[in-house]
Amino acid sequence: MATFNWLLPMKDNLVLNTIMSRITDADRILVYRHTNPDPDAIGAQMGLVQLLATAFPSKTVVAMAAVPQRLAWLGVTDEQSVTPQATDLVIAVDCANAERLEGQLPADALIIKIDHHPNRDPYGQLNWVDESYSSCSEMIYDLYAYTTGQLTMTAAVATALYAGIIGDTVRFSTPETSSRTLTIAASLATEEIDIAAISHHEMDLTPALSKLSGYALSHQVDDGDGLVHVIISQTHFEQLGLQYGEEDVLVPLLGNQTTAKVWLWFIETPEGNYRVHFRSRAIPVNDVAKVFDGGGHPLASGAFVPDIATIERVVQRMRAQVVAKTVVSSV
Ligand code: AMP
């Protein structure tokens, strides 16, 4: 396949050299990702695990934490097979803050963080964090390309990375989608991956999700200032037979409306609090997410809030941000 090697900045060369030498030295490598995983978290995790397992057959390389059913087509984990220990090398992908890592971490282990979110919590002893990447899967491709021959691309790895890239870029539609993103996707496509099948896996809606999308579109609250939000109760979820997290595929939907500058989903969880999905075309949302103990990218963030009263505060705060930024940008 055609492999694209960029001229990475010197500091990245040093970090990637160190990452590869830590990998070479380790006997066991445990790859973690964030809770409530999306296709990029699983794609980067599975892609990296398979790259390392193929290149270093004598090492134990394990993807940590079970894969939710809706993403099981990207692979399953066997994390039960290991008890994390201090001598393990931990690689955390696509996870901005340590508290969102899923799975039991070994105490005192060396942690390498590979991520494309703002680096507010550089929890790794070694941090390769670069917000210019559209996705963590794109970074894993660059790690592969950087090693020139040490790691081997396969159709399975390419499928995982391509899935991660189209997941985080919403099929190449976010502002983070760059010529590098598209070139990497083209390179992955030379592995004869099933592009149509991957897209269907990520986009197809079950009848229950179709019904939820109809409900969301007809119950969304459009405040007229560019903010749209919808609240989905757990009862409604259960009536449709949906599992928590299944709504992820619908999150871009509210943003298709021409008047939506920022859109918010509030999903009641089985525990009774609400998961918030913040999305935006251009106005940053991550600072508002952070006020409510969440975080993420400028245009895609998340948080959890306890109740309807807090939802109202999130909406008020977000509306103020939308109005303020709209006024500034129209001057
Ligand atoms: P989501 O709406 O859950 O798909 O998340 C959008 C982005 O925000 C992803 O990059 C997540 O990793 C990140 N994110 C979601 N929830 C949180 C949180 N509670 N704290 C920090 N980042 C989050």
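Which helix is Ala-208 found in? Ala-208 is found in helix α7. Let's start there. One caution before we go on: this is a predicted model.

Back to Ala-208. Its relative accessible area is 16%. Buried means under 20%, so Ala-208 is buried. Now pick a partner for it: Ile-19. Along the chain, 189 residues separate Ala-208 from Ile-19. In space, their C-alpha atoms are 44 Å apart.

Stay with α7 for a moment. The helix covers residues 207–219. Then comes a loop, and β6 (221–222) follows. Gln-220 lies in that loop. Is Gln-220 buried or exposed? Gln-220 has 17% relative accessibility, so it counts as buried. Its side chain also has a partner. A polar contact of 2.6 Å links it to the side chain of Gln-257.

Next, the ligand. Where does the ligand lie? Two domains matter here. Domain 1 spans 10–202, and domain 2 spans 207–330. Both give residues to the shell around the ligand, so the ligand lies between them.

Who is in that shell? There are 15 residues around the ligand. Five come nearest: Arg-100, His-117, Arg-275, His-277 and Arg-279. Sort the shell by class and you get two nonpolar, ten polar and three charged residues.

Now some distances. Take Arg-100: an N or O atom of its side chain is 3.1 Å from an oxygen atom of the ligand. Take Arg-275: a polar atom of its side chain lies 2.9 Å from a ligand oxygen. Gly-295 works through its backbone. There, an N or O atom sits 3.1 Å from a nitrogen atom of the ligand.

How much of the ligand does the protein bury? Taken alone, the ligand exposes 480 Å². The protein buries 91% of that. Which elements give two or more residues to the shell? They are β9 (274–280), β10 (295–296) and β11 (300–305). Of the elements, β11 gives the most, with four residues.

On to the cysteines. How many disulfides does a search of the whole structure find? Zero. Look at Cys-95. Its nearest cysteine sulfur belongs to Cys-136, 9.9 Å away. Why is there no bond between those two? The distance of 9.9 Å is too far. A disulfide needs the two sulfur atoms within 2.5 Å. As for cover, Cys-95 has 0% relative accessibility, so it counts as buried. Cys-136 is also at 0%, and it counts as buried too.

Cys-136 brings us to helix α3, residues 136–146. How many of its eleven residues are buried? Ten of them, so the helix is mostly covered. Among the buried ones are Cys-136, Glu-138, Tyr-141 and Asp-142. Just after α3, look at the backbone of Thr-148. Thr-148 takes a positive phi of about 30°.

Last stop: the start of the chain. Pro-9 is found in the segment before α1, which runs 10–25. Pro-9 has a relative accessible area of 42%, so it is partly exposed. Compare its place with that of Gly-296. Pro-9 and Gly-296 are 287 residues apart along the chain. Their C-alpha atoms are separated by 25 Å.

To sum up: the ligand lies between two domains, and the protein buries 91% of the area that the ligand exposes alone. Over to you.

How values were computed
Residues numbered from 1 in each chain as written. Predicted model: local features only at pLDDT ≥ 70, side-chain atom pairs only at ≥ 80, totals over all residues. Heavy atoms only, no water. Near = heavy atom within 4 Å. Polar contact = N/O pair within 3.5 Å; in protein donor to acceptor, adjacent residues only side chain to side chain. Areas by Shrake-Rupley, 256 points an atom, 1.4 Å probe, with all protein chains shown as cover. Nonpolar A, V, L, I, M, F, W, Y, C, P; charged D, E, K, R; others polar. Domains from an automatic or database assignment. Buried < 20%, exposed > 50% of the residue type's maximum accessible area, 1.4 Å probe, protein only.
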